[in-house]
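Open the model in your viewer and keep the selection box handy. We will go from stop to stop, picking residues and looking at what surrounds them.

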Amino acid sequence: LNTDVISAQTELAAEPADADEFMVSDGGVLKRIDYSLIKGGTNTPNFFAYNPASQTMTKDAETAVIMASEAFDSASAYNTSDGKFTVPAGEGGVYWFKGAIRMVGTAAIPTRASSSIYVNGAVSLSNELGGSGGLNTYSYVAVYGILNLSASDYVQLYFYHDASSDMDLSQASIHMGGFQGFKLIG
C-alpha cells in the first residue's frame with residue numbers, strides 16, 4: 001500500500017452507513033469488515049411509562065400497575081392499556097428494568113409495601129419495605145435489575161401493600177421513575 005492510501009482519500013464527515021467497509025489486520029492478514037458489525041448499539045428497544053391517572057391498589061394483594069402514559073417507547077413495545085412491555089421479535093437479550101412507587105399523602109399507612117417486576121406472569125425481581133414501625137406518607141419502593149428475556153416475553157410492574165384499606169394510585173403516585181427499561185445486549 002502507498003503511504004498516502006488514507007490521507008489522499010475523501011474524508012467521511014458523518015457516521016458511516018452500515019454497509020461501509022473498513023480494512024483490518026487479522027493476525028497479519030488484511031480483511032474487510034462492514035461498519036454494521038462493529039458499531040455501538042443504542043440500547044433499543046427502550047421505554048419510559050408513567051401514570052398520571054388514578055388506579056386502585058388493592059389491599060393485601062399484588063396489583064398490576066398500569067402506566068397509562070409514555071414519555072417514549074422506541075419500539076411501541078409497552079402497552080398502556082394492560083401495563084405490559086413485550087419483547088419485540090428479534091430483540092431477545094439482556095434488559096435492565098426499573099419500577100418505582102412513592103406513597104404520597106395516603107390516608108391508610110401500610111406497614112409493608114413492595115414493588116415487583118413479573119416476567120410472563122411470575123415474579124422475577126422484588127423489593128419490599130416494612131417493619132414494626134410502619135412506613136410514612138413519603139415511603140418510596142423501587143425495584144430494578146437485569147433480566148435475560150426472549151422475544152415475546154412480557155414484563156409488568158406490580159405493587160403490594162398492607163394498609164387498612166385499598167389505596168388509590170393518585171395517593172400511591174408514581175414519581176421518580178415510573179416503569180422503564182432498555183435492552184443492554186443481544
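Start by selecting F159 in this predicted model. Leaving out residues up to four places away in sequence, F159 touches M57, A61, E62, T63, V65, I101, M103, A113, S114, S115 and M167. Show those side chains together with F159 and you have your first view.

Now widen the selection to the nonpolar core. F159 is among the residues of the largest core that touch the most other members, along with F85, F97, I117, L149 and F179. That core has 26 residues. Colour β3 (46-50), β9 (93-102), β10 (112-119), β12 (140-149) and β13 (154-161) next, since each supplies at least two residues of the core. Which strand gives the largest share? It is β12, with four residues.

Zoom out for a moment to take in the whole chain. A cartoon view will show 15 strands and zero helices. Of the 186 residues, 38% count as buried. Among contacts between residues at least 6 apart in sequence, 68% join residues at least 24 apart. Switch on a surface and you are looking at about 10,100 Å² of accessible area, 50% of it belonging to carbon and sulfur atoms.

Back inside, pick out the aromatic rings. The whole structure holds 14 aromatic pairs. One of them is Y78 with F179, an edge-to-face pair with centres 6.2 Å apart and planes at 70°. This pair links distant parts of the chain: Y78 lies in strand β7 (residues 78-79) and F179 in strand β15 (residues 179-185), 101 residues apart. Are these two residues buried or exposed? Both Y78 and F179 are buried. Add F47, F85, Y95 and F97 to the selection, and with Y78 and F179 you have one aromatic cluster.

Next, go to Y50 in strand β3. Y50 counts as partly exposed because its relative accessible area is 33%, which falls between 20% and 50%. Beyond its neighbours within four places in sequence, Y50 is in contact with M67, A68, S69, E70 and A71. Try a distance label between the C-alpha atoms of Y50 and A68: they are 6.5 Å apart, for residues separated by 18 places along the chain.

Move out to the surface and select F22, V24, L37 and I38. These four form a nonpolar patch with about 370 Å² of accessible area together. V24, found in strand β1 (residues 21-26), is partly exposed at 35% relative accessibility.

Finish with the charged side chains. There are five salt bridges by count, and three make good stops:

- D26 and K31: the closest N and O atoms are 2.7 Å apart. D26 is partly exposed at 43% relative accessible area, and K31 is partly exposed at 39%.
- K59 and D60: the closest N and O atoms are 2.7 Å apart. K59 is partly exposed at 31%, and D60 is partly exposed at 42%.
- R112 and E128: the side chains meet at 2.9 Å, N to O. This pair links distant parts of the chain, with R112 in strand β10 and E128 in strand β11 (residues 122-130), 16 residues apart. R112 is partly exposed at 29%, and E128 is partly exposed at 44%.

Technical notes:
Residues are numbered from 1 along each chain as its sequence is written. This is a predicted model: local features need pLDDT of at least 70, side-chain atom pairs count only at pLDDT 80 or more; totals for chains, interfaces and linings use all residues. Side-chain values use heavy atoms; hydrogens and water are left out. Buried means under 20% relative accessible area, exposed over 50%, partly exposed in between (1.4 Å probe, protein chains only). Contact means heavy atoms within 4.5 Å. Accessible areas come from the Shrake-Rupley method with a 1.4 Å probe; for residues, only the protein chains shown count as cover. A nonpolar core is a set of buried Ala, Val, Leu, Ile, Met, Phe, Trp, Tyr and Cys residues joined through side-chain atoms within 4.5 Å. Patches are made of residues with over 30% relative accessible area and no salt bridge: like charges are joined within 9 Å, nonpolar side chains (Val, Leu, Ile, Met, Phe, Trp, Tyr) within 5 Å. Rings of Phe, Tyr and Trp (its six-membered ring) pair if their centres lie within 6.5 Å; planes under 30 degrees apart count as stacked, over 60 as edge-to-face and the rest as tilted.
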